[in-house]
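Let's take a friendly walk through this model together. Please have the sequence and the 3D view open as you read.

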Amino acid sequence: MGIAENGLEVSVDPLSRFWSGDEPQRRAMERIAWTCAIESCKGSFGSGVLIGPDKVLTNFHVVQRLLAEPERYREASCRFDFGSDIGAPREAAGHRAGFAADWPVVLSRFSEKDESGTDTGFEPDKLDFAIIKLDRSIGFEPLATDAGGAMRGWLTIPLERERPVVPGTPLQIWQHPVERRMLGASYRAMPLKWSSGKVLSLIDTDLRLRHDAMTFKGSSGAACYDMNFNFIALHHAGDPDADIDFRGKWNQAIPVAAIVRHLTATGHGGLLGVVPPRATAAPRISRATREIRVARDMAEGRLQAAAILMDRDEAERDLCYLRRPSSQDRGMLHVLSCRHVDHHGKFLRRIARWSLVRDEKDLRAQREGMAAFLNPLPKDRPDETWTFANLTWPRADRKLPIALDMLRRDLEVIASETRPQLVEAVVEIRNVDLRREKVLVREIAKLAGSLSNPDRLQIFVIYYDQLAKGAPDPNQKLRAALGALWKIDERPPGAGLCLCLDDISSVELGAWCRALETAWQLPEGELKADVDKALATRQLPMMDAEKRLMPVLRSWLDGQSGG
């Protein structure tokens with residue numbers, strides 16, 4: 001038989017088989033629908049995967065803080081469909097499922113060896129995983145992106161492995177890491193991300209698995225799949241000896257086989273092998289239930305929009321003033337100095353989602369635009385026009401010419417992007433040389449103008465203090481000096497805002513309260529009275545103020561929706 005007859009094609013791997021051409025895409029979309037971002041677990045963020053109608057698998061350390069105050073479970077949620085629409089022109093807002101009152105189903109602590117990076121000696125009962133019960137069976141609900149009303153379904157934890165996992169096995173992860181720009185200050189989950197790599201090694205037979213797929217803080221609890229989309233491990237940690245740029249030698253996961261053994265031995269074998277119903281359509285949902293869900297989604301959208309605008313009006317007005325078309329120098333580099341509790345990330349979200357995109361010519365148009373922003377429809381989320389980018393600021397021991405060259409090269413790459421870029425450079429104040437910074441920020445402000453224009457590039461240099469609550473404030477004077485490098489009417493070329501974020505009171509939120517009362521048609525002055533009561537007329541860091549005010553907003557929205 002010649003080459004022309006058999007083409008030299010042979011079967012090599014007995015587990016390899018033909019699939020229909022669209023099967024990989026179908027399997028990928030399933031796993032996307034099962035992946036969620038776990039948020040507000042007392043400041044912890046993570047990823048998770050749906051393993052039953054109302055069960056989510058994640059890491060123990062993701063929910064560990066919540067265990068200390070279990071009564072705060074209402075603040076925690078699993079956010080599905082967050083940025084998962086393939087080809088969608090805007091970020092998908094997602095659908096949240098809350099934690100049930102009896103949310104802890106199974107808990108297995110992590111090992112001390114996970115923190116030290118040791119290569120052996122792991123305990124079979126310390127696997128760093130948790131199974132959470134949700135407040136509703138989201139697995140039975142239809143996918144919002146499926147016109148046929150197909151059920152979401154869930155990932156079945158396999159009783160047996162389809163094929164052995166060995167070093168070199170390809171691996172892929174869908175996950176929700178936090179944005180790098182928030183490190184050291186506050187965190188925000190990113191829309192769904194995907195990465196791939198390979199298995200590097202297995203430790204203690206199959207108690208740990210090390211891999212080289214890209215992950216970051218917030219990726220903990222993400223499912224790891226082989227290239228046939230089989231669930232093989234639960235990502236949970238990284239190399240503790242990573243360098244300052246978060247580059248390490250390995251990432252680490254818990255093999256599924258170890259989790260299966262633990263669940264079987266502890267009497268939770270009923271969670272294994274749970275297969276979704278074969279029916280392609282989701283159970284029929286009553287009109288009343290559908291209306292409740294629509295109202296809930298609208299309330300969540302309003303709450304998020306209100307949170308974005310809950311910030312310092314005066315600073316935002318100054319930025320809009322600088323960006324007016326008649327301004328000779330509209331400014332491209334801004335300096336903020338703050339403590340991490342001042343929540344600079346919130347201020348930047350307001351800038352990106354509102355200040356930089358508003359184009360109202362008069363007061364009436366401004367009010368109409370704000371009302372529309374505060375009442376987003378579930379299927380009409382605002383476009384994410386500005387993309388966040390991270391800029392690594394040179395260490396204080398870098399001489400000025402070297403620091404300038406490093407920043408110039410990075411900014412040239414960022415400025416070449418097709419979408420407008422809001423660039424954030426986060427610098428710890430304790431590492432600052434004030435004399436160098438005074439010159440460096442002015443030079444970068446001039447450089448920005450040669451690379452792009454104010455409608456395409458905005459740079460925010462954030463000098464912050466990571467201070468513990470109630471601790472002495474040794475850098476207060478330095479923080480004040482950095483926030484006063486120039487005045488708004490005496491700016492160097494290319495420069496914009498320069499300010500020091502500080503505590504906030506209900507007085508500074510007066511305009512925000514009036515905007516909400518108008519947009520949500522609330523009785524005049526009543527929301528403001530509740531805000532005054534919540535803040536008790538005190539000056540508070542923005543992070544603390546937000547914690548006090550979000551329940552106030554939620555109670556008003558619940559009252560409007562009849563909830």
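Helices (H or I, at least four residues) and strands (E, at least two) are taken as DSSP runs, numbered from the N terminus. The protein chain has 15 helices and 17 strands. This is a predicted model, in which local features need pLDDT of at least 70, side-chain atom pairs count only at pLDDT 80 or more, and totals for chains, interfaces and linings use all residues. Residues are numbered from 1 along each chain as its sequence is written, and side-chain values use heavy atoms, with hydrogens and water left out.

For burial, the cut-offs are under 20% relative accessible area for buried, over 50% for exposed and partly exposed in between (1.4 Å probe, protein chains only). Of the 563 residues of the protein chain, 49% count as buried. Contact means heavy atoms within 4.5 Å. Among contacts between residues at least 6 apart in sequence, 74% join residues at least 24 apart.

Now to two helix pairs. Their axes are lines fitted to C-alpha atoms, for helices over the stretch in contact, and angles run from 0 to 180 degrees between N-to-C directions. Angles under 35 degrees count as roughly parallel, over 145 as roughly antiparallel, 65 to 115 as roughly perpendicular and the rest as oblique. A crossing is right-handed if the near helix is turned clockwise from the far one by less than a right angle, and left-handed if anticlockwise.

How do α7 and α8 cross? The axes of α7 (residues 313-322) and α8 (residues 344-355) come within 11 Å and cross at roughly 45°, so the two helices are oblique to each other. Their crossing is right-handed. On the α7 side, D313, A315, E316, L319 and C320 meet F347, R350, I351, W354 and S355 of α8. This contact of α7 with α8 has 6 nonpolar, 1 polar and 3 charged residues, where Ala, Val, Leu, Ile, Met, Phe, Trp, Tyr, Cys and Pro count as nonpolar, Asp, Glu, Lys and Arg as charged, and the others, Gly among them, as polar. Within α7, D313, A315, E316, L319 and L322 are buried. The cover over the buried residues of α7 includes β13 (333-339), α8, β17 (495-500) and α13.

Helix α13 also packs with α14, at an angle of about 140° and with the axes 8 Å apart. That angle makes α13 oblique to α14, and the crossing is right-handed. G510, W512, C513, L516 and E517 of α13 make the contact with E526, L527, K528 and V531 of α14. By class, the residues of the contact of α13 with α14 divide into 5 nonpolar, 1 polar and 3 charged.

Three loop residues come next.

| Residue | Loop | Relative accessibility |
|---|---|---|
| D128 | between α4 (112-116) and β6 (129-134) | 2%, buried |
| N475 | between β16 (457-465) and α12 (476-482) | 18%, buried |
| Q521 | between α13 (510-519) and α14 (526-535) | 71%, exposed |

Most residues other than glycine have a negative phi. D128, although not a glycine, has a positive phi of about 50°, and Q521, also not a glycine, has a positive phi of about 55°. N475 touches I429 and D465, not counting residues up to four places away in sequence.

Lastly, which residue's side chain makes a polar contact with that of R79? The partner is E39, at 3.4 Å between the side chains; a polar contact is a pair of N or O atoms within 3.5 Å, and within protein one must be able to donate a hydrogen and the other to accept it, while residues adjacent in sequence count only if both atoms are side-chain atoms. R79 sits in strand β4 (residues 77-80) and counts as buried because its relative accessibility is 8%.
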